[in-house]
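Please open the structure in a viewer and keep the selection tool at hand. The tour below proceeds from one selection to the next.

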Amino acid sequence: MVEREEKEMLGFLGVDEVDELFEDIPDQVRTELDIPEGLTEREATAKVKKKLKKNKDPDELSSFLGAGVYEHFVPAAVDEIIGQSEFYTSYTPYQAEISQGMLQALFEYQSIIAELTGLGAVNTSMYDQPTALAEAVLMSARIKRKGHKFLIPENTHWENDPVLKNYLRGQDIEIEKVDFDEKGQVDKEDLKEKMDQDVLGFYIATPNVFGVLEEDVSVFKDLKEDEDSVLVVGTNPLVLSLMKPPGDWGADIVVGDSQPFGIPQAYGGPTVGMFACGERYIRKMPGRIIGETEDSQGKRAYCMTLQTREQHIRRERATSNICTNQALMALASASFVFLKGSEGLEKVAKENYEKAHELAEKMNGLDGFEAPHFESEFFNEFTVKTSMDPQDLYERCKKEDFLPGVPLDDRFSSLSDVLLTAVTEMKTEEEIDGLVDTLKEVKG
Amino acid sequence: MSSDYRQARYEEELLMEDGVEREVEENPLPENIARERAPKIPDLPKHEVVRYFNRLSHMNYGIDTGLYPLGSCTMKYNPKYTEKLASLPEATSPHPYQPEEFSQGTLEIMWELQRQLAELGGMHSVSLQPAAGAHGEITGLMIAHQYHENNDDDRNEVIMPDTAHGTNPASVSMMGYNLVEIPSEDGCVDMEALEEAVGDNTAAFMITNPNTLGLFETDACEMAEVVHDAGGLLYYDGANLNAIMGKTTPGKMNFDIMHFNLHKTFSTPHGGGGPGSGPIGVTEELASYLPVPTVEKDDEGYRLNYDLENSIGRVKGFYGNWLVLLKAYGYITKEGRDGLERATERAVLNSNYLRKKLEPHLDLPYKSLRKHEFVLSGKKLKDKGLKTKDLAKRLLDYGYHAPTIYFPQLVDEALMIEPTETETKETLDGFAEAFASIMAEDEETIKDAPKNTAVRRVDETKAIRDSTLSYMMRD
């Protein structure tokens, strides 16, 4: 059938062979592909499945790894919702009238993030947390025209730095680092010292890469106002059902990753870069934004808005080059939040808090362990100091199918004997006690 | 489809409207950072949430609904087996920092995909890290930047033709480069203009081939020579790769850096805006500049390699959009050499067939043989007091997604049409008939469109004026 149809089409074009349609490609650049012949769907599926089976069986592993990606429960309904083919097989909603479903769903996502962060203007996503932070630094320079420095504390994720370095190539912005104090929080004295007229803005992560929460946030608002600079706050959306919204304590821009909301760990991607800012900065924002409006009959409707900021209209004067983002993951996060509800979210957040504190306490009771290493409040992740070599400890736990946390020795020279351990609602009492027992055995 | 098409039309209030004021009780956090008021998010029965999103999905149009001929977006059918594979727990569960020995399946697939893409692009090495096409572009420019810096070469200009995708100039500006845009001649790069534009300041030349008019740039090798002679690098925007698989490669055309759009050419779904994936490929000379980590194979298996001499470092967290990579790997593995070349052939056949079917109705600027897409001009519509936008909206009433409109900018009232290989002749004939039928309609009907969609013509000006970007911002 295909052959007959193609013959008709070629006939309509007045050509005999399909290759005649490629006669504009010069012979000198012609080439053939050196990859294997195709397979049937059955064969291809079997082949890929067989490879995937070489990954560790997740049911046989008890992981306490976090550091930016967390193991949370994803209700089956989330997969059903993002699996609706009208959602996942659609393109960016350029034609609003025929794309109301996705537009409204993304507006719900923006509304959820606004409610959690306390900042009204939200985009439909950046790629992930580090790229959201990089865009926030670039936006800070658009907000505050003067100044060349942006301050980043040392207690933020190690993968931020190389991403920032690349995004700031060719910009007249320099990153200056700020120390952390003995509690793992930003060293306020060092921050104060480095704040001056040349500072465009500064970043505060809470929880930070040690899981530590900043305990006195009022100081940041004062500092920001003194130097008229931009305050960018990085956070975890799950903690925001318990923690004061950063918008209420001075944040101009909030970034983070919505991965804890309905998105699997998936080897680190796709996740969804969260980006919210104060309403007065909307024209300086990067990325796609959905706005509320009406149709010609006065019925409520949604569409992409403020598009003159974007690359497809503004080209070299756009606020960012981003086009494809992580929209379907934003939909996953929105559906997760509605399935949980306000009370459900709070319950999960408290469960994370309680289980993490339970494990920290149990670890701290073991000989040769100190948990948390930084004596600050934390959410679902904390540092553990060990009298053993952390790599050795890690290897020995691994043999028992426990991953006790991410060793920080590669990342922070002053933390050569520290692990970063995360505990979510997924960890059962058996797993928590199992890890404690394993540590006890390993320590000997 | 026909003008009988009817999209679902429900009255759906935002769920966020149902949130209620409530205090957080027994908050474990210290008082001065503890939230007092709970976020105003509704507590609803699960099945009501499922029904709500289900109804919203009925007010959305995807490639599974019908033809989606958005030019430069390559909206082809997204196979279901790859979706299934990407939902297996072995695929979704791995933590990015778990030991490499626990992630051998993932790493093996990533390594093989690196090799497959290198072959498809005629490149030496590939990084899977960039999350989207524009992200790949800017990664490529970072590599060019580092390369010139290592050569103590202070080049500050990037050249591109006026047909370039909007992301190209935006990426150039973000990297602090000056943009040099050269005019096209007969829809292709004007070699004289290029020769005039290149010089000691040329860091790179960016182009897509076939270009956004769907025309193959036959002078590609000459361009490479001109740019290389001036000491610049050539960047290939891979958005249009679906037009050349098995016929030629950017490597063969002497490009140095390129990106792939896995969510276009390799059939991973676009998800209403993303996630996509934009791996980049480079020549042997630039291999050591790729972002880290890349995936390497040695005697003990597969591992993440952070040790690349000139690496630019990172462009995002972790290793790329793994689940998207997995789907593209499944697609390439199933299609194979023969399937991919067939895809290109049929995409180009469909494009030219539809082009000839539509030519009687609107003008086709520039020569006629096109690759995977073509661009019509709607300037004729102006005689009737209509715009391309009106035609696009009326197509929605017939149950078709509209083409890309008003791009490329050098075509007046442009309609950019890319049918892809997964459409039948019958679908294309139906689209052409709808087109013909609309051209015979009176202006009022067209201006009044759409009327068969979930909402009527959306007031975009009001959206800008009100700038209501969340429920919180509603007055």
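Are H5(A) and H1(B) parallel, perpendicular or oblique to each other? The model is a predicted one. Select helix H5 (residues 100-117) of chain A together with helix H1 (residues 46-58) of chain B, whose axes come within 6 Å and cross at roughly 140 degrees. The two helices, H5(A) and H1(B), are therefore oblique to each other.

Next, display the side chains at this crossing. On H5(A), select A:Gly101, A:Gln104 and A:Ala105; they meet B:Phe53, B:Leu56, B:Ser57 and B:His58 of H1(B). The residues of this contact comprise three nonpolar, four polar and no charged.

Now widen the view to the whole contact between the chains, to which chain A gives 152 residues and chain B 168 residues. On the chain A side, select helix H11 (residues 327-364), which supplies the largest share, 15 residues. By character, the chain A side consists of 66 nonpolar, 45 polar and 41 charged residues.

Turn then to the open sheet of chain A, where seven strands with mixed pairing follow the order S2-S8-S7-S6-S5-S3-S4. Its edge strands are S2 (121-122) and S4 (174-178), each paired on one side only. Select strand S3 (residues 149-153) and strand S5 (residues 199-205) of chain A: they run parallel and are joined by three bridges. Here A:Phe150 stands opposite A:Gly201 of S5(A).

Finally, return to H5(A), which lies across S2, S7 (253-257) and S8 (273-277) of chain A and runs at about 65 degrees to S8(A). Helix H6 (residues 129-143) of chain A also packs on the sheet, touching S3, S5, S6 (230-235), S7 and S8. The direction of H6 makes about 165 degrees with that of S7(A).

Key:
Residues numbered from 1 in each chain as written. Chains lettered and ligands numbered in written order. Predicted model: local features only at pLDDT ≥ 70, side-chain atom pairs only at ≥ 80, totals over all residues. Contact = placed C-beta atoms within 7 Å. Helix = DSSP H or I, 4+ residues; strand = E, 2+ residues; numbered from the N terminus. Nonpolar A, V, L, I, M, F, W, Y, C, P; charged D, E, K, R; others polar. Axes fitted to C-alpha atoms, helices over the stretch in contact; angles between N-to-C directions. Parallel < 35°, antiparallel > 145°, perpendicular 65-115°, else oblique. Pairing = 2+ DSSP bridges.
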